[in-house]
Amino acid sequence: MTQPTDESSHPLDRRLVTEQQRRELDERGFFATEKLFSDEELALVRQESFRLHRASIADIPADNPIHRKKQGIRPFLPTPQERSETIASFQRHPVFQSLAREIIGPDVDQTWSQCCLKYPDVGRFTRFPYHQDGRFAEIDRQDSGFSCFLALESLSPENGTLHFAAGAHRTALPHQWDERLEWWSCSVDDFEVVPGTLQPGEMIVYRLMTPHGSPPNLTDQVRQAFLITFNVPGVRLLENGELFGDQRPLLRDGGLA
Ligand SMILES: O=C(O)CCC(=O)C(=O)O
């Protein structure tokens, strides 16, 4: 998935989103980027992800061993910025500012973020069913936002990378609750599905309604990725009108907030 890069130009010296990528986002609901972060930056986010994971397990009461076990292999690590200055600063990286400015506009909030570690599989528990994020949070501005799935290490179908269904981001697909995996699930049988096979520092940028899911991690290494979502400020839940998500200002009038 690596695209040819012009060695003479740093990503931030030019527009980040090409016409082709813009078309792919519009028509297919996602596009792949070249490597946009340095090895040092990726190493810091990896290190912090593992630290936050250890802390999250320590926070689970010892009398809840099932939760501890689940968190051990398929961790849920949202709002990492609240526990890591390093990640809070990374979330405001110039690359995210440029993408947000080019895709959304001059006023942008970070609405979600999580560290996405996935340990070697046990009992196919590390699979994530295909779903649209809009099924988890029905918001009033589903179309303007985008998410980035960033490879902190190499990502492949074997280690359980996310896969993306093309051309389904304008339709709300029917979902069912998967009791075992505790996750919403939809069918992508009617769509082309593309694996996010990525080298460290590359990303898939996708729309909030783009169906995505991941197979189990069948390797003996931890799959290491990072997720971040941006949208216009003031996004609200349809259900009760309350403000949704991190509501962390990133851009105002085109500049860093
Ligand atoms: O980490 C993964 O493979 C899936 C994460 C995901 O799809 C989500 O949080 O919406």
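**Entry 1. Strands 4 and 11**

I began with the pairing of strand 4 and strand 11, which is antiparallel and runs over two bridges. The model I am reading is a predicted one. I then looked up the residue across from Phe128 and found Ser214 of strand 11.

I placed this pair in its sheet. The sheet is open, has four strands in the order 4-11-6-9, and is paired antiparallel. I noted strand 4 (128-131) and strand 9 (193-195) as its edge strands, each pairing on one side only. For the twist I recorded that neighbouring strands of this sheet are turned by 20° against each other on average, direction ignored.

**Entry 2. The ligand shell**

I next asked which residues surround the ligand. I listed Cys116, Lys118, Phe128, Asp133, Leu162, His212 and Ser214. Strand 3 (108-118) and strand 11 (212-214) are the elements that give two or more residues to this shell. By character, I counted three nonpolar, two polar and two charged residues in the shell. Phe128 and Ser214 belong to the shell, and they are also the residues I had found standing opposite each other.

**Entry 3. Strand 3**

Since strand 3 contributes to the shell, I checked its surroundings. I found 10 of its 11 residues buried, so strand 3 is largely enclosed by the rest of the structure.

I then looked up its pairing partners.

- Strand 2 (residues 77-78) runs antiparallel to strand 3 and is joined to it by two bridges; Leu77 has Cys115 of strand 3 as its bridge partner.
- Strand 13 (residues 248-252) pairs with strand 3 in the antiparallel sense over three bridges; here Gln110 is bridged to Arg248 of strand 13.
- Strand 12 (residues 223-231) pairs with strand 3, again in the antiparallel sense, over nine bridges; I noted Asp109 with its bridge partner Asn231 in strand 12.

**Entry 4. The nonpolar core**

I turned to the largest nonpolar core and recorded 45 residues in it. Those with the most contacts inside this core are Ala100, Leu150, Met203, Ile204, Val205, Ala225 and Phe226. Strand 5 (residues 146-151) supplies the largest share of the core, five residues.

I followed one of the well-connected residues, Ile204. Which residues does Ile204 contact, leaving aside its neighbours within four places in sequence? I found Phe30, Ala32, Phe149, Leu162, Phe164 and Gly196. Among these contacts of Ile204 is Leu162, a residue I had already entered in the shell around the ligand.

How values were computed
Residues are numbered from 1 along each chain as its sequence is written. This is a predicted model: local features need pLDDT of at least 70, side-chain atom pairs count only at pLDDT 80 or more; totals for chains, interfaces and linings use all residues. A residue is near a molecule or strand if its C-beta atom, placed from the backbone, lies within 6 Å of it. Ala, Val, Leu, Ile, Met, Phe, Trp, Tyr, Cys and Pro count as nonpolar, Asp, Glu, Lys and Arg as charged, and the others, Gly among them, as polar. Two strands pair if DSSP finds at least two bridges between them. Axes are lines fitted to C-alpha atoms, for helices over the stretch in contact, and angles run from 0 to 180 degrees between N-to-C directions. A nonpolar core is a set of buried Ala, Val, Leu, Ile, Met, Phe, Trp, Tyr and Cys residues joined through C-beta atoms within 7 Å. A residue is buried if 20 or more other C-beta atoms lie within 10 Å of its own, exposed if 12 or fewer, and partly exposed in between; C-beta atoms are placed from the backbone. Two residues are in contact if their C-beta atoms, placed from the backbone, lie within 7 Å.
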